[in-house]
Amino acid sequence: MALTLYVDTARWRAHQQSVLQQFPGLVPVCKGNGYGFGHERLAEETTRLGADLLAVGTTYEAARMKDYFSGDLLVLTPFRHGEEPVPLPDRAIRSVSSVEGVGGLVGARVVIEVMSSMKRHGVLPEDLPKLAAAIEDVRLEGFALHLPLDRTDGSDAVEEVIGWMDRLRAAHLPLHTMFVSHLKADELHRLQQQFPQTRFRARIGTRLWLGDHEATQYRGSVLDVTRVGKGDRFGYRQQKAASDGYLVVVAGGTSHGVGLESPKALHGVMPRAKGVARAGLATVNRNLSPYVWGGKQRWFAEPPHMQVSILFVPGDAPEPRVGEELVAHLRHTTTQYDRIVDR
């Protein structure tokens with residue numbers, strides 16, 4: 001009895017190939033929980049794709065992934081002076097986002113991140129003249145530009161990259177490779193045509209592993225079903241049942257990431273109104289679960305436990321049976337499954 005991630009493997013891999021065809025030379029990204037699949041699985045898939053480079057989030061992830069992937073490893077988190085040293089092989093490439101950072105990695109392989117409109121981290125335009133001397137002491141693998149997902153101001157992603165290409169060229173810095181994130185295939189093609197001497201490499205995670213939503217599905221096993229009447233008390237807090245129905249114990253709790261949700265950016269009146277409504281219901285202990293039964297998402301009877309959740313299914317719905325599975329709409333990047341099944 002488990003929370004299971006089912007994967008339509010042929011469909012999932014066909015999607016990966018389609019992304020690879022759109023973005024030649026792409027750099028697969030595997031960070032966090034491995035986009036719900038785990039680091040070892042994504043290392044295998046990256047090898048299957050024939051990629052020579054895999055991007056990871058941190059040095060700690062790189063230290064684990066070196067045993068699963070034999071190619072080069074690009075650490076996306078920038079180097080900082082004073083960070084805990086983590087032993088890594090020479091095939092590890094460090095990201096750097098400051099001139100001082102470059103100076104702290106003498107002899108290392110580095111990718112230099114420049115400041116994009118994200119304004120997260122990166123070398124500023126005024127610091128480019130200092131880089132020419134600093135890069136003499138490192139093995140420069142290229143520059144990188146991490147772009148925003150949305151452009152509400154109507155700006156053009158390609159123009160932002162071109163602006164940086166012009167600045168780097170004016171500073172007499174080598175432009176053999178530029179790593180980019182969050183560009184469309186046609187945008188990457190435009191850049192490659194305009195700068196044929198530069199190799200543009202797209203770093204892609206979500207689109208590669210999670211771009212086909214129909215290729216994967218979470219399901220939780222039903223562990224127990226108890227009939228309750230209106231007013232019956234139940235659970236840790238001994239709440240009263242609002243009506244006749246069933247308490248359904250299903251695999252998947254807080255240790256799996258069930259009930260844990262990261263904040264979302266809401267755009268438009270309707271999504272904001274729905275967000276306010278959900279917040280209001282939560283104040284009276286009414287929270288919609290990710291589990292679906294009888295064609296509807298069902299409510300949590302009480303907050304999820306560590307390894308299971310208790311749902312309330314009203315009496316007019318079909319009675320779930322022990323051993324059946326409920327589809328669960330879960331976010332891959334915050335979910336830890338018990339098992340993965342390839343179909």
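Which residues are buried in α2? That helix is a good place to start with this predicted model, and the other points work outward from there.

1. **The inside of α2.** Helix α2 covers residues 39-49. Its buried residues are His39, Arg41, Leu42, Ala43, Glu45, Thr46 and Leu49. As for what lies over them, the cover includes α1, β2 (27-30), β3 (53-56), α3 (59-65), α8 and β18 (339-342). Right after the helix comes glycine 50, with a positive phi near 80 degrees.

2. **A charged pair within the helix.** Two of those buried residues, arginine 41 and glutamate 45, join their side chains in a salt bridge, with 3.0 Å from N to O. They sit four residues apart in α2, or about one turn of the helix. An α-helix has 3.6 residues a turn, so residues three or four places apart point the same way. Have a look at this pair in the viewer before moving on.

3. **The wider network.** The arginine 41 and glutamate 45 pair is not on its own: Arg13, Arg41, Glu45, Arg48 and Asp342 are linked in a network of salt bridges. Over the whole structure, the search turns up 20 salt bridges, so I'll pick out just a couple more below.4. **A bridge from strand to loop.** Arginine 94 makes a salt bridge with glutamate 83, and their closest N and O atoms are 2.9 Å apart. The arginine belongs to strand β5 (residues 92-96), while glutamate 83 is in the loop between β4 (72-75) and β5, so the pair ties together parts that are 11 residues apart in sequence. How exposed are the two partners? Arginine 94 is buried, at 10% relative accessible area, whereas glutamate 83 is partly exposed at 27%. Another bridge to look up is the one between lysine 130 and aspartate 127, where the closest N and O atoms are 3.4 Å apart.

5. **Tryptophans that meet across the sequence.** The search of the whole structure gives three aromatic pairs. One of them is tryptophan 12 with tryptophan 209, a tilted pair with 6.1 Å from centre to centre and 45 degrees between the planes. This pair links distant parts of the chain, as tryptophan 12 is in helix α1 (residues 9-22) and tryptophan 209 is in helix α8 (residues 206-210), 197 residues apart. Tryptophan 12 is buried, with a relative accessible area of 1%, and tryptophan 209 is buried with a relative accessible area of 1% too. Phe37 joins Trp12 and Trp209 in one aromatic cluster. Recall that α1 and α8 are among the elements covering the buried residues of α2.

6. **Two phenylalanines.** Phenylalanine 195 and phenylalanine 200 make another tilted aromatic pair, 6.3 Å from centre to centre and with 55 degrees between the planes. Both phenylalanine 195 and phenylalanine 200 are buried.

7. **Arginines over rings.** Two arginines are worth a click here. Arginine 167 lies over the face of tryptophan 164, 4.9 Å from the ring centre. Arginine 219 does the like with tyrosine 6, lying over its face at 4.5 Å from the ring centre.

8. **Arginine 203 and its surroundings.** What does arginine 203 touch? Leaving aside residues up to four places away in sequence, its contacts are Val27, Val29, Leu74, Leu76, Glu113, Ala144, Leu145, His146, Phe179, Val180 and Ser181. With serine 181 there is also a polar contact of 3.1 Å between the side chains. Arginine 203 is found in strand β9 (residues 199-204), and it is buried, with a relative accessible area of 7%.

9. **Positive phi in two loops.** Histidine 172 is not a glycine, yet its phi is positive, at about 60 degrees. It lies in the loop between α6 (157-170) and β8 (177-181) and counts as exposed, at 73% relative accessibility. Glutamine 238 has a positive phi as well, near 55 degrees. Its place is the loop between β11 (233-234) and β12 (239-240), and with a relative accessible area of 40%, glutamine 238 is partly exposed.

How values were computed
Residues are numbered from 1 along each chain as its sequence is written. This is a predicted model: local features need pLDDT of at least 70, side-chain atom pairs count only at pLDDT 80 or more; totals for chains, interfaces and linings use all residues. Side-chain values use heavy atoms; hydrogens and water are left out. A salt bridge is a side-chain nitrogen of Lys or Arg within 4 Å of a carboxyl oxygen of Asp or Glu. Buried means under 20% relative accessible area, exposed over 50%, partly exposed in between (1.4 Å probe, protein chains only). Rings of Phe, Tyr and Trp (its six-membered ring) pair if their centres lie within 6.5 Å; planes under 30 degrees apart count as stacked, over 60 as edge-to-face and the rest as tilted. A charge sits over a ring if NZ of Lys or CZ of Arg is within 6 Å of the ring centre and within 35 degrees of the ring normal. A polar contact is a pair of N or O atoms within 3.5 Å; within protein, one must be able to donate a hydrogen and the other to accept it, and residues adjacent in sequence count only if both atoms are side-chain atoms. Contact means heavy atoms within 4.5 Å.
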